[in-house]
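Reader: I would like to go through this model claim by claim and hear what each one rests on. Please begin with the terms.

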Amino acid sequence: MGKIVLEGVEKTFGAIKVIQNVNLTVDDGSFVVFVGPSGCGKSTLLRLIAGLEDVTAGKILIDGVDVVNTPPAKRGLSMVFQSYALYPHMSVRSNIGFGLKMAGRPKAEIDRKVEAAAATLNLTPYLDRRPRALSGGQRQRVAIGRAIVREPKAFLFDEPLSNLDAALRVQMRIEIARLQDTLGTTAIYVTHDQVEAMTMADKIVVLSAGRIEQVGSPLELYNKPDNLFVAGFIGSPKMNFIPGAAAGDPGAATIGIRPEHIAASRDSGTWSGTVTVAEHVGSDTFLYINAGPLGDLTVRSVGEMGVKPGDRIFMTPEPGRIHRFDPAGHAIVAAH
Amino acid sequence: MARAVSPRRKWSFTVLAWIVALLLFFPILWTILTSFKTEGDAILFPPAFLPPHWTLENFVEVQDRSNYFKHFFNSVVISIGSTLLGLVITVPAAWSMAFSPTKRTKDILMWMLSTKMMPAVGVLVPIYLIFKSLNLLDSLFGLTIILMLINLPIMVWMLYTYFREIPVDILEASRMDGAVLWKEIVYVLLPMAIPGIASTMLLNIILAWNEAFWTLNLTAANAAPLTAFIASYSSPEGLFWAKLSAASTLAIAPILVIGWFSQKQLVRGMTFGAVK
């Protein structure tokens, strides 16, 4: 079991409110990702759940028990740190088994569990090495091994892949998702990378300035962002925002349309503009277009689109894919 | 980046370094040489550098007159005892200042250090009276306590500087792994801080070994360490240079040997944090 509920959680550092009235339910066995720009409070929120920081107000319930006054050691959660935070003076075996040793488990059980975890994570040949003799990816695996052997109520991941190179990051991302799926343990994962969030999460929590902006499945956030912040944060390249009046929609202060929902054409279309940059990445072509009163727009087009800077181009938005926002930045519902 | 230094420049610096080192070491060398002279040779003028007649009789006489090994034992007990007792107090103190600092942490550190700026003689009378009423005068326990107290600020500072170099993530990881505070300190912090703790202990042992103000003023016969043993040779009957030197040589020999073997550790300890 591992259901985590946050009720009115607040955190202040001095005069600064870092976390403001956060209410959230993390269901047992789900993979929840906290995502947001740097400084949005996502890591702090994770540390509050871990118990590494004390809440200023509110409740944190783990399986129905308020743990606000419980030290981290007694919360039954595991954490994987961005810096890996392995014990440098211990072998891989002792690193992974440390939690079990602290729990006073018998040696035979520790050995068995450590070896099983090492086998799952392909660490068996390295069990007697020190962390410094391992590569970044292997260290990360040890950190994960340390988290899983304890069979915690939930895993907490604090930007665990930021220190890895791009190729390894993709690989580890898949491994972590698969591992969590196999174990069925609740996981909370913090990242600033919305691609990680979209690919791994059952549920994404978008945070900004210490508040939850929206909670939903990756596709819900992509298809129905509640506000301008979420609309701009989720999706790559970023959604285009156009003043409503300029786009011929005086009922909305801003309309949003994703680059992949605009059809580009050389001959005809609703809007027109001049190509300023054309990025050919093979599978796609990203066009950056100066569309006069509409502002600068990004359009994702097919890989074969042979356009150059300076070319005149026409654009047609997909009708059902236009997002409308009021002056306060909230989505105007029933737009579709 | 190291700049290329011309061989001549390097050579002259080496000579300079040797001269400075010899100047610093000369009193110790002179003491050792004098301890092998007869009393007559010791006061020769002009002085003889090497003993004209090598003799061990000073050492024999010193051991006969006052029990060297008893004082040696007292010195060992108070210097090691005060160091171990100090660690029990300073490790948690430095832990809290390094890993859980508050706005006032820097002030507390400065305040602790400021006690070292006070002349010890200023508190001699109150301390003496306290020791007297607690029956601690001339006791090894009392000396251990006072030496531990006077060296606390230095120990806290050194350990604090070391602990600051340890990534807090690793301690947090141990907390998440279920380690309560004492286990976190014993299993994770201390093993990682061994070099720092070792240099702190060494420095503290040396300081306690050489401490001569409190050890002289608070002891008589029973608890007197080697410092008091040396001082007893500057007596109303006159100065016996050769015997005084023999006593001094015997007193500094152990610490000199320890210092020699651990100099690498000591230098690293005192410059820790200055270079990465």
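Author: A residue counts as buried if 20 or more other C-beta atoms lie within 10 Å of its own. By that test, 33% of the 276 residues of chain B are buried. The model is a predicted one.

Reader: What share of chain A is buried on that test?

Author: In chain A, which has 336 residues, the buried share is 43%.

Reader: What confidence does the predictor give chain B?

Author: The pLDDT of chain B averages 86. A pLDDT of 70 or more is reached by 93% of the residues of chain B. For the model as a whole, ipTM is 0.85 and pTM is 0.79.

Reader: What makes up each chain, in secondary structure and in extent?

Author: Chain A holds eight helices and 18 strands, and its C-alpha trace spans about 75 × 45 × 35 Å along the principal axes. Chain B holds 14 helices and two strands, with a C-alpha span of about 70 × 65 × 30 Å along its principal axes.

Reader: How many residues bring the two chains into contact?

Author: Contact requires C-beta atoms, placed from the backbone, within 7 Å of each other. On that criterion 18 residues of chain A touch 15 residues of chain B. Strand E6 (77–80) and helix H2 (92–102) of chain A each give at least two residues to the chain A side. That side consists of 13 nonpolar residues, four polar and one charged.

Reader: Which domains does the assignment give for chain A?

Author: Domain 1 of chain A covers 4–229 and domain 2 covers 238–325. The C-alpha centres of these two domains of chain A are 38 Å apart.

Reader: Why is strand E8 of chain A called largely enclosed?

Author: The cut-off for a buried residue is 20 or more other C-beta atoms within 10 Å. Six of the six residues of strand E8 (residues 186–191) of chain A are buried, so the strand is largely enclosed by the rest of the structure. Both faces of E8(A) are covered. On one side the buried residues are Thr186(A), Ile188(A) and Val190(A), and on the other they are Ala187(A), Tyr189(A) and Thr191(A).

Reader: How do you know that strand E3 of chain A pairs with E8(A)?

Author: Pairing needs at least two bridges between the strands. Strand E3 (residues 31–35) of chain A has five bridges to E8(A), in the parallel sense, so the condition for pairing is met. One of the bridge partners is Thr191(A) in E8(A), set against Val35(A). Strand E7 (residues 154–158) of chain A also pairs with E8(A) in the parallel sense, over five bridges. There, Ala154(A) has Thr186(A) of E8(A) as its bridge partner.

Reader: What makes helix H1 of chain A mostly covered?

Author: Nine of the nine residues of helix H1 (residues 42–50) of chain A are buried. Among them are Lys42(A) and Arg47(A), together with Leu45(A), Leu46(A) and Ile49(A). Just after H1(A), Gly51(A) has a positive phi of about 95°.

Reader: What is the strand order of the open sheet of five strands in chain A?

Author: The order in chain A is E13-E17-E14-E15-E16, and the pairing is antiparallel.

Reader: Why are strands E13 and E16 of chain A said to stand at the edges?

Author: Strand E13 (262–265) and strand E16 (296–302) of chain A each have a single partner strand, so one side of each is left without a neighbour in the sheet. From one strand to the next, the twist averages 45°.

Reader: Which residue of E17(A) is the bridge partner of Ser265(A)?

Author: The partner is Phe314(A). E13(A) and strand E17 (residues 312–317) of chain A are antiparallel, with four bridges between them.

Reader: What links E15(A) to E16(A)?

Author: E15(A) and E16(A) form a hairpin, with five residues between the strands. Gly292(A), in the turn, has a positive phi of about 60°. Strand E15 (residues 284–290) of chain A runs antiparallel to E16(A) and is joined to that strand by seven bridges. Thr285(A) lies opposite Ser301(A) of E16(A).

Notes:
Residues numbered from 1 in each chain as written. Chains lettered and ligands numbered in written order. Predicted model: local features only at pLDDT ≥ 70, side-chain atom pairs only at ≥ 80, totals over all residues. Nonpolar A, V, L, I, M, F, W, Y, C, P; charged D, E, K, R; others polar. pLDDT = per-residue confidence, 0-100. Domains from an automatic or database assignment. Axes fitted to C-alpha atoms, helices over the stretch in contact; angles between N-to-C directions. Buried ≥ 20, exposed ≤ 12 C-beta atoms within 10 Å, placed from the backbone.
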